[in-house]
Amino acid sequence: MRPATGSGPPRYQQIMQAISDEISSGRIAVGERLPTEQEFCLQHNAGRHTIREAVRGLVDAGMVERRPRVGTIVISAEPIAGYRLLPASSEDIASNVNATWIVRPRGEVVVADEVMARRLGCRVGDRWFRFAGPRVLRDDRKSDPVCYSEQHVPDTPVAREVIATPSLTAGDVADQTIEQEIRADLLTDEQALALHAEPGSAALVIIRRHRDTEGHLIAIGIHTHPAGRFSIKTTVAPTTGGKTIPRGTTPR
């Protein structure tokens, strides 16, 4: 039964919360397709417009994704908090992928020479498929890109398909060792144009190297951030006698 006008949140928000609860509880699992609009209309006794608004809210929250000729797929069990410059877990890695898009990506096969091998951390002669472009937040696509992303995977059909998939779960990378390296660099003309920044201006580069359980390099992500869009802030708690003092206490 529908609530009376003014008796709480809008109807679409109530339905959005109900669907979100089903996803968070696992009744609709990550990777599954949502019911159709018609099925939701019958389930919630609501019109198509209301259902579309509810699903749009889930898309904006980063929980689901519309895929042509497939339907709406669940990509996260929880709303995505945002983009983390230095992810600390497989959940953070998945959250970053699901919170962003690579706009107008360019794909090409590259063979590592000495310079590229040093940059990637691979062997000279290794063959990679490179997938690159500006990365933007899915819920704020009008703002400047977060960074310029270059994804490298082995040049195989399976790896190409994986890298082109616009969603990721924590389980996809849970058994991988991921090295993170930060470097200073200058923006190339290509990067500057894509990032709406000045060529040759300062940038910070985060390189992530993914290794499988046997230590083999299976993917490399290079994310170049204009200096003005990147900052790292950490806090080191005071210590006394070699022991960390809990926050809010005073050493005696």
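## Overall composition

Of the 252 residues in the chain, 37% are buried. The model described here is a predicted one. Its chain contains eight helices and 11 strands. The accessible surface amounts to about 14,800 Å², and carbon and sulfur atoms account for 52% of that area.

Contacts across the sequence can also be summarised. Among contacts in the chain with a separation of 6 or more, 57% are between residues 24 or more positions apart.

## The helix pair α1 and α2

Helix α1 covers residues 11–25 and helix α2 covers residues 37–44; their axes come within 12 Å and cross at roughly 105°. Helix α1 is therefore roughly perpendicular to α2. On the side of α1, the contact is made by Arg 11, Ile 15, Ala 18, Ile 19 and Glu 22, while α2 contributes Phe 40, Gln 43 and His 44.

Helix α2 is also joined to helix α3 through a salt bridge. Arg 52 and Glu 37 form this bridge, with their closest N and O atoms 2.9 Å apart. Arg 52 belongs to α3 and Glu 37 to α2, and the pair, 15 residues apart, links distant parts of the chain. Arg 52 is partly exposed at 39% relative accessibility, and Glu 37 is likewise partly exposed, with a relative accessible area of 27%.

## Salt bridges and their network

The chain has a count of 15 salt bridges. One of them brings together the side chains of Arg 119 and Glu 150, at 2.8 Å from N to O. Arg 119 lies in helix α5 (residues 114–120) and Glu 150 in strand β6 (residues 147–154), so this salt bridge ties together parts of the chain that are 31 residues apart in sequence. The surroundings of the two partners can be stated as well: Arg 119 is partly exposed, with a relative accessible area of 28%, whereas Glu 150 is buried, at 3% relative accessibility. Glu 150 counts as buried because its value falls under the 20% limit.

Arg 119 and Glu 150 also take part in a network of salt bridges, in which they are linked with Arg 106, Glu 108, Arg 130 and Glu 190.

A further salt bridge is formed by Arg 183 with Glu 181, where the closest N and O atoms are 2.6 Å apart. Arg 183 is partly exposed at 29% relative accessibility, and Glu 181 is partly exposed at 25%.

## A nonpolar surface patch

Leu 86, Ile 182 and Ile 232 make a nonpolar patch of about 230 Å² on the surface. Ile 182 is located in strand β7, which spans residues 177–186. With a relative accessible area of 40%, Ile 182 is partly exposed. This value is over 30%, so Ile 182 meets the accessibility limit for residues in a patch.

## Positive phi values in two loops

Two loop residues merit separate mention. Asn 45 has a phi near 55°, a positive value in a residue other than glycine. Asn 45 is placed in the loop between α2 and α3, the latter helix comprising residues 48–60. Its relative accessible area is 47%, and Asn 45 is thus partly exposed.

Arg 104 has a phi near 45°, again a positive value in a residue other than glycine. The loop that holds Arg 104 runs between strand β3 (100–102) and strand β4 (106–111). Arg 104 is exposed, with a relative accessibility of 72%. Arg 104 is placed in this class because 72% is over the 50% limit.

Technical notes. Residues are numbered from 1 along each chain as its sequence is written. This is a predicted model: local features need pLDDT of at least 70, side-chain atom pairs count only at pLDDT 80 or more; totals for chains, interfaces and linings use all residues. Side-chain values use heavy atoms; hydrogens and water are left out. Patches are made of residues with over 30% relative accessible area and no salt bridge: like charges are joined within 9 Å, nonpolar side chains (Val, Leu, Ile, Met, Phe, Trp, Tyr) within 5 Å. Accessible areas come from the Shrake-Rupley method with a 1.4 Å probe; for residues, only the protein chains shown count as cover. A salt bridge is a side-chain nitrogen of Lys or Arg within 4 Å of a carboxyl oxygen of Asp or Glu. Helices (H or I, at least four residues) and strands (E, at least two) are DSSP runs, numbered from the N terminus. Buried means under 20% relative accessible area, exposed over 50%, partly exposed in between (1.4 Å probe, protein chains only). Axes are lines fitted to C-alpha atoms, for helices over the stretch in contact, and angles run from 0 to 180 degrees between N-to-C directions. Angles under 35 degrees count as roughly parallel, over 145 as roughly antiparallel, 65 to 115 as roughly perpendicular and the rest as oblique. Contact means heavy atoms within 4.5 Å.
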